[in-house]
Amino acid sequence: MVKKPTTLNEVSREKWILSTFPEWGTYLNEEIAAEKVAKGTFAMWWLGCTGIWLKTHEDTNILCDLWSGTGKQSHGDGTMRQGHQMMRMSGVEAMQPNLRNKPFVIDPFAIKDVDALCVTHIHSDHLDIVTAAAVNNNCPKAKFIGPKEVVETWRKWGVPEEKLITVKPGDEVQVGAVTVKAMQAFDRTALVTEDDLDTTLKGKMPKDMDVMAVNYLFETSGGNLYHAADSHYSNLFAKQGNENQIDVALGAYGENPRGITDKVTSVDILRMAESLNTKVIIPVHYDIWTNFMADPKEITELWKMKKDRLQYEFKPFIWEVGGKFTYPNDKDRMEFMFDRGFHDAFKNDNDTPFPSFL
């Protein structure tokens, strides 16, 4: 941490950035490192977007989809980058006003003791060069696990070949005490992602999803976590739920702007949970983009309306970025709250002029 300026002459833009950013400093890094996960449980922290840190009783640490970047920082010329997937999707030209909405809650340069970095797909808010560099430099034994196009990107960035593991749906990789299962993904936005401006997608067969994107099932001694990344709703969630034990599922929730279908909305988050046979459904991704913001309590209210009639056997959990979720300890909670502190109130005599001040 850089020392904060104490006089006006010490203030500069660079010193302000270094003394302020990331906003949480190493607070969360320290919390994760200190956490002792109880037997029969697993713990995870939400790092923003679909990024999570998974930690097990056996001290296996897996990082998934941590994004250390940002959205728009200028109005620019007011137009979208040519060939952008949203442009291909709906023919738009005006710039997408996707500002990053939540702070950075973890310092990527202070990351340590990671056994694997798993990335679901090729989009830059999931596949991040800063995260890759931090894990590569700080965690020399960490494996880099992803679908073919993700691994090809890591290779171009300079991740050593011996660290790279390419997966497709059906593959399993053992990482410490965790079995990482690659699952079929349903991210239709990935299928219209093409950086070659000379390539036209209309009228052509789509790319093979399996080389671009996967979902993951993390099987731990304390329960199983399903990471749906940016998948849209699919009836095949029911097949995956039939074939696997899924205790907690994460889904990319958001409110889609006019003319765009990129996130799973409230009704389909509930359908997703029911199809996967999960015990807990947790919406993520709605936190990160200002233009896709949504109120996750809409999910809770719909769940309340439907749960008795449809006999739901799962509960939604509304998380906060930087917060911890422990399964199964938190499976019956509906909402996260940070530690409110002041647990030692009146441990010592208070110092006020009169009791009436209190």
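Cysteines, cores and a cavity

The sulfur of Cys49 lies 11 Å from the closest cysteine sulfur, which belongs to Cys64, and this is too far for a bond. Cys49 is nonetheless a buried residue in this predicted model, with a relative accessible area of 0%. Cys64 is likewise described as buried, its relative accessible area being 1%, and its sulfur has its closest cysteine partner in Cys118, at 5.7 Å, which again is too far for a bond. Because a disulfide requires two cysteine sulfur atoms within 2.5 Å, neither Cys49, with its closest cysteine sulfur at 11 Å, nor Cys64, with its closest at 5.7 Å, takes part in one. A search of the whole structure accordingly finds zero disulfides.

From the cysteines we turn to the nonpolar interior. The largest nonpolar core comprises 85 residues, and the members that touch the most others are Met44, Trp154, Phe218, Tyr226, Ile282 and Trp319. Strand β1, which spans residues 42-48, gives the most to this core, contributing six residues. Separate from it is a second core of nine residues, among them Trp67, Met80, Met87 and Phe292.

Empty space remains to be considered. Rolling a probe the size of a water molecule over the atoms shows where such space is left. Across the whole structure, a search finds one cavity of 30 Å³ or more, and the largest cavity holds about 40 Å³ of space. Its lining is formed by Leu47, Leu66, Trp67, Ser68, Arg100, Phe104, Val105, Ile106 and Pro108, and by class this lining has seven nonpolar residues, one polar residue and one charged residue. Trp67 thus appears both in the second core and in the lining of the largest cavity.

Definitions and conventions
Residues numbered from 1 in each chain as written. Predicted model: local features only at pLDDT ≥ 70, side-chain atom pairs only at ≥ 80, totals over all residues. Heavy atoms only, no water. Buried < 20%, exposed > 50% of the residue type's maximum accessible area, 1.4 Å probe, protein only. Core = buried A, V, L, I, M, F, W, Y, C linked by side-chain atoms within 4.5 Å. Helix = DSSP H or I, 4+ residues; strand = E, 2+ residues; numbered from the N terminus. 1 Å grid on protein atoms, 1.4 Å probe; cavity = no way out; pocket = protein on both sides within 12 Å on 5 of 7 lines; lining within 4 Å. Points joined across faces, edges and corners; volume = space filled by probe spheres on them. Nonpolar A, V, L, I, M, F, W, Y, C, P; charged D, E, K, R; others polar.
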